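Colleague: Please take a close look at the ligand site for me, and at the parts of the chain that tie in with it. I'm after contacts, burial and any odd backbone geometry.

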Amino acid sequence: MAKARVAILISGRGSNMMALVGAARAADYPAEIALVLSNRPGAAGLARARAQGLAVEAIDHKGFPRREDFEDHLHRRLIENKIDLIACAGFMRLMTASFVERWSGRILNIHPSLLPAFKGLDTHARTLAAGARIAGCTVHFVVPEVDSGPIVAQAAVPVQDSDTPEQLAARILGAEHKLYPYALALVASGAARLAKGRVLLDVSVNLNDVLFSPAPPGKV
Ligand code: GRF
C-alpha cells in the first residue's frame with residue numbers, strides 16, 4: 001500500500017514534529033512526511049526539519065489580509081504537494097470551518113490534556129488549578145470547534161502536588177512524543193477510521209491497564 005503523504009503544520013519548536021519524523025523513518029511506517037509547514041517563518045521547528053533534509057515551507061500568515069486568504073494559499077500548497085493527511089503539531093492558528101471542511105477527516109491535532117477536559121490555552125496551569133490527579137494528551141481529528149473533534153488516542157500521566165505547569169508540560173510532552181506517531185500510524189493505515197462522528201479502532205485495547213494517581217501500595 002502506498003504511504004500516506006503527510007504535511008506537519010507547526011508554529012514553534014516542533015518537538016512533536018521531530019517525533020513524527022523519527023517514526024516515519026521506519027520502513028514499515030504507513031506514512032511519509034512530505035512537507036513541514038509553518039505560519040511563522042522564525043519557528044525553531046523549521047530549522048530542525050530542514051536539518052533533517054525535509055521539504056520545508058513558511059507561509060507567514062501576517063502577509064495575508066484575511067484568514068481565508070492565508071488558508072487558500074495553504075490549501076493550494078497542500079494540494080500541489082499531493083498531501084493526504086495534515087498533522088497539526090503546535091500549530092497556533094485557528095482554522096476556519098471552510099478550511100476544516102475542505103480537509104474533513106484528514107486533519108489531526110495533538111492537545112496536551114485528556115479531552116474533553118481542558119480545551120484551549122494554558123492547559124497545564126488549568127489542570128493544576130483544578131487539582132486533577134491524572135493529566136495527559138489527546139490526538140483527535142480536527143473539527144471547526146477548537147479541541148473538539150473525534151478522539152483517536154489518549155495517554156495519561158500522573159500529577160503531583162508540587163508540579164509547576166512547566167514540569168507537568170514536560171511529563172505530558174514525553175507521552176505526546178509516543179502517542180502522536182502511533183495515532184498517526186493508526187489513521188494512515190486505516191486502523192482508526194471515522195464513523196458517525198467517532199473513531200473506530202481495528203486494534204485491541206488492554207482492558208487491564210489502570211493508571212492510579214497516587215498509586216495504592218503494590219501498584220507502582
Ligand atoms: C504540544 O504540547 C502540543 O500538545 C500543543 O503544542 C505543543 C507543541 O509543542 N498543541 P512542540 O512544538 O511539538 O514541541
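**The ligand site and its surroundings**

Modeller: Let's start on the way in: serine 11 sits in the loop that runs from strand S1 (4–10) to helix H1. Bear in mind that this is a predicted model. Serine 11 counts as buried because its relative accessible area is 4%, and the cut-off for buried is under 20%. For a sense of scale, its C-alpha is 19 Å from that of glycine 53, with the two positions 42 residues apart in sequence.

Now the ligand itself. The residues around it are Arg13, Gly14, Ser15, Asn16, Gly90, Ile110, His111, Pro112, Leu173 and Glu176. By type, that shell splits into five polar residues, three nonpolar and two charged. As for where the ligand sits, it takes up the space of the largest pocket. Three elements supply two or more residues each to the shell: helix H1 (15–24), strand S5 (107–111) and helix H6 (165–189).

Which atoms make the polar contacts? Serine 15 uses a polar side-chain atom, 2.5 Å from a ligand oxygen. Asparagine 16 works through its backbone instead, with an N or O atom 2.8 Å from an oxygen of the ligand. Then there's isoleucine 110, where a polar backbone atom lies 3.0 Å from a ligand nitrogen. On its own the ligand has 360 Å² of accessible area, and the protein covers 86% of that.

Asparagine 16 deserves a second look. It belongs to helix H1, and at 7% relative accessibility it counts as buried, so it falls under the 20% cut-off. Besides the backbone contact with the ligand, its side chain makes a polar contact of 2.9 Å with the side chain of glutamate 176. Both asparagine 16 and glutamate 176 are on the list of residues around the ligand, so if you're checking side-chain placement, that pair can be read together with the ligand contacts.

Stay with helix H6 for a moment: alanine 175 is part of that helix. At 14% relative accessibility it is buried as well. Its C-alpha lies 9.8 Å from that of threonine 138, although the two are 37 residues apart in sequence.

That brings us to threonine 138, which is in strand S6 (residues 134–141). With a relative accessible area of 0%, threonine 138 is buried. Its side chain has two polar partners to point out: the backbone nitrogen of leucine 115, reached at 3.0 Å, and the side chain of glutamine 154, at 2.9 Å.

Leucine 115 leads straight on to the backbone geometry. Most peptide bonds are trans, and most residues other than glycine have a negative phi. The bond between leucine 115 and proline 116 is cis, though, with an omega of about 10°. Proline 116 is in the loop between S5 and helix H5 (123–129), and S5 is one of the elements that feed the ligand shell. That loop also holds phenylalanine 118, which has a positive phi of about 55° despite not being a glycine. Phenylalanine 118 is partly exposed, with a relative accessible area of 22%.

At the far end of that loop comes helix H5, which includes leucine 128. Leucine 128 is likewise partly exposed, at a relative accessible area of 22%. Its C-alpha is separated by 36 Å from that of tyrosine 29, which is 99 residues away along the chain.

Two more backbone oddities, for completeness. Lysine 196 is another non-glycine residue with a positive phi, about 50°, and its place is the loop between strand S8 (192–195) and S9. Is lysine 196 buried or exposed? At 89% relative accessibility lysine 196 counts as exposed, because the cut-off for that label is over 50%. Further along, the peptide bond from serine 213 to proline 214 is cis, with omega near 0°. Proline 214 lies in the segment after strand S9 (198–201).

Definitions and conventions. Residues are numbered from 1 along each chain as its sequence is written. This is a predicted model: local features need pLDDT of at least 70, side-chain atom pairs count only at pLDDT 80 or more; totals for chains, interfaces and linings use all residues. Side-chain values use heavy atoms; hydrogens and water are left out. A residue is near a molecule or strand if one of its heavy atoms lies within 4 Å of it. A polar contact is a pair of N or O atoms within 3.5 Å; within protein, one must be able to donate a hydrogen and the other to accept it, and residues adjacent in sequence count only if both atoms are side-chain atoms. Accessible areas come from the Shrake-Rupley method with a 1.4 Å probe; for residues, only the protein chains shown count as cover. On a 1 Å grid over the protein atoms alone, a cavity is a set of points where a 1.4 Å probe fits but cannot get out, and a pocket is an open set with protein on both sides within 12 Å along at least five of seven lines; lining residues have an atom within 4 Å of a point. A molecule sits in a cavity or pocket if more than half of its atoms lie within 2 Å of its grid points. Helices (H or I, at least four residues) and strands (E, at least two) are DSSP runs, numbered from the N terminus. Ala, Val, Leu, Ile, Met, Phe, Trp, Tyr, Cys and Pro count as nonpolar, Asp, Glu, Lys and Arg as charged, and the others, Gly among them, as polar. Buried means under 20% relative accessible area, exposed over 50%, partly exposed in between (1.4 Å probe, protein chains only).
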